[in-house]
Amino acid sequence: PGLWPQAYACMMQQPSVPRAQHGLPRKDIPHAFVCPLSARLMHDAVKLGDRSFSLHGLYGRSNWRPYSLLPKPDHTLRHLVHEWLCDLFGGVTLQLHIAAAAPRGPGAEDAATAAALEARDEVGALGIAAAGGTAPLVQLMDRGGGQTRHIAAVALLALAAHPANKAEISATGGLHAFVVLLSTRSSPDHTKRVAATALHLLAYDHSENRDLLAAENAAPPLIALLRTSPSEAS
């Protein structure tokens, strides 16, 4: 009901970029993990009768009414998908944790870049979060050097485009770190724009994050950014 199905569909319909295009190994999604309706990864798997679908796939069907037959979470399939994602993106996440221990070290920028490239498609964005990569990305954005902070912010922005990652980003301090990045005078304008866009995505149709934004007093730096570069900030 309300805007939730439309908002969910809007966020999930971001164009995907095959990892093979930017030189990273491509991994096909196992057929059993692909939704028969949306052809997307069933990270949000639900049971409807004796078949599994993604929640997004069901909401994308104009002839399906949620009150006629209620789906139930398919916890077994969700767990299998989660384990597959953790296995697939464990290496990238390990590099992020190593880099976060020395956020201004020589490997920090490379680790953030690898994560940002992977996160450009849906599987990568979901996988990095599932494998525990959100927290080290927040640390790199908060304590890394200038370029590392920007790249980590871009990676987190890509993660924030998927509703399943919103709570995790906030829980690991990402929302607070974005507000700090936006409020810091020395932050470049292009980095502030990334932060503002990420905050918009995190707050969109998410009441808890909107409350956190209000508590963080995010409005003044957002208004300041809008006044300095109105055409780009909007």
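This is a short group-meeting talk on one predicted protein model, going from the whole chain to a few single residues.

Hi everyone, and thanks for coming. Please keep in mind throughout that the model is predicted.

Let's begin with the overall picture. The chain has 234 residues, and 46% of them are buried. Its secondary structure comes to 13 helices and three strands. There is also a number about how the chain meets itself: among contacts with a separation of 6 or more, 65% are between residues 24 or more positions apart.

Now for the strands. In what order do the three strands lie in the sheet? The order is β2-β1-β3, in an open sheet with antiparallel pairing. β2 and β3 are at the edges with a single partner strand each, so each of them has one side without a neighbour in the sheet. On this sheet packs helix α3, residues 75-101, which touches β1, β2 and β3. The direction of α3 makes about 155° with that of β1.

Let's look at the pairings one at a time. β1 covers residues 45-48 and β2 covers residues 51-54, and four bridges hold this antiparallel pair. Together they form a hairpin, with two residues between the strands. One residue to find in that turn is G49, which has a positive phi of about 70°. On the other side, β1 is joined to β3, residues 72-73, by two bridges, and these strands also run antiparallel.

If you want to trace this on your screen, try two residues of β1. V46 sits opposite F53 in β2. Then go to K47: its bridge partner in β2 is S52, and in β3 K47 stands opposite K72. One general point for your notes: in a regular strand the side chains alternate between the two faces of the sheet.

Next, the helices, and I'd like to spend some time on α9. This helix runs over residues 174-183 and packs against α10, residues 189-203. The angle between them is about 145°, and their axes are 9 Å apart. The crossing of α9 and α10 is left-handed. Which residues make the contact? From α9 we have L175, F178, V179, L181 and L182, and from α10 there are T191, K192, A195, A196, A198, L199 and L202. Sorted by character, the residues of this contact are ten nonpolar, one polar and one charged.

Why can we call α9 largely enclosed by the rest of the structure? Because seven of its ten residues are buried. Those seven are G174, L175, A177, F178, V179, L181 and L182. Among the elements covering them are α6, α7, α8, α10, α11 and α12.

Since α7 just came up, let's visit one of its residues. A155 lies in helix α7, residues 146-160. Is A155 buried or exposed? Its relative accessible area is 0%, so A155 is buried. Setting aside neighbours within four places in sequence, A155 contacts A115, A116, A119 and L137. You can also look at M141, which is 14 residues from A155 along the chain; their C-alpha atoms are separated by 9.6 Å.

Now a charged pair. The count of salt bridges in this model is one. The partners are R40 and E122, whose side chains meet at 3.4 Å, N to O. These residues are 82 apart and link distant parts of the chain, with R40 in the loop between α1 and β1 and E122 in helix α5, residues 122-130. Is E122 buried or exposed? The cut-off for buried is under 20% relative accessible area, and E122 has 9% relative accessibility, so E122 counts as buried.

Finally, two residues with backbone angles to check. A39 has a positive phi of about 65°, although it is not a glycine. You'll find A39 in the loop between α1 and β1. With 55% relative accessibility, A39 counts as exposed. The second residue is N217, in the loop between α11 and α12. N217 is likewise not a glycine, and its phi is positive, near 55°.

To recap, we saw an open sheet in the order β2-β1-β3, a largely enclosed helix α9, and a salt bridge between R40 and E122. Thanks for listening, and I'm happy to take your questions!

Note on methods:
Residues are numbered from 1 along each chain as its sequence is written. This is a predicted model: local features need pLDDT of at least 70, side-chain atom pairs count only at pLDDT 80 or more; totals for chains, interfaces and linings use all residues. Side-chain values use heavy atoms; hydrogens and water are left out. Two strands pair if DSSP finds at least two bridges between them. Axes are lines fitted to C-alpha atoms, for helices over the stretch in contact, and angles run from 0 to 180 degrees between N-to-C directions. A crossing is left-handed if the near helix is turned anticlockwise from the far one by less than a right angle, and right-handed if clockwise. Contact means heavy atoms within 4.5 Å. Ala, Val, Leu, Ile, Met, Phe, Trp, Tyr, Cys and Pro count as nonpolar, Asp, Glu, Lys and Arg as charged, and the others, Gly among them, as polar. A salt bridge is a side-chain nitrogen of Lys or Arg within 4 Å of a carboxyl oxygen of Asp or Glu. Buried means under 20% relative accessible area, exposed over 50%, partly exposed in between (1.4 Å probe, protein chains only).
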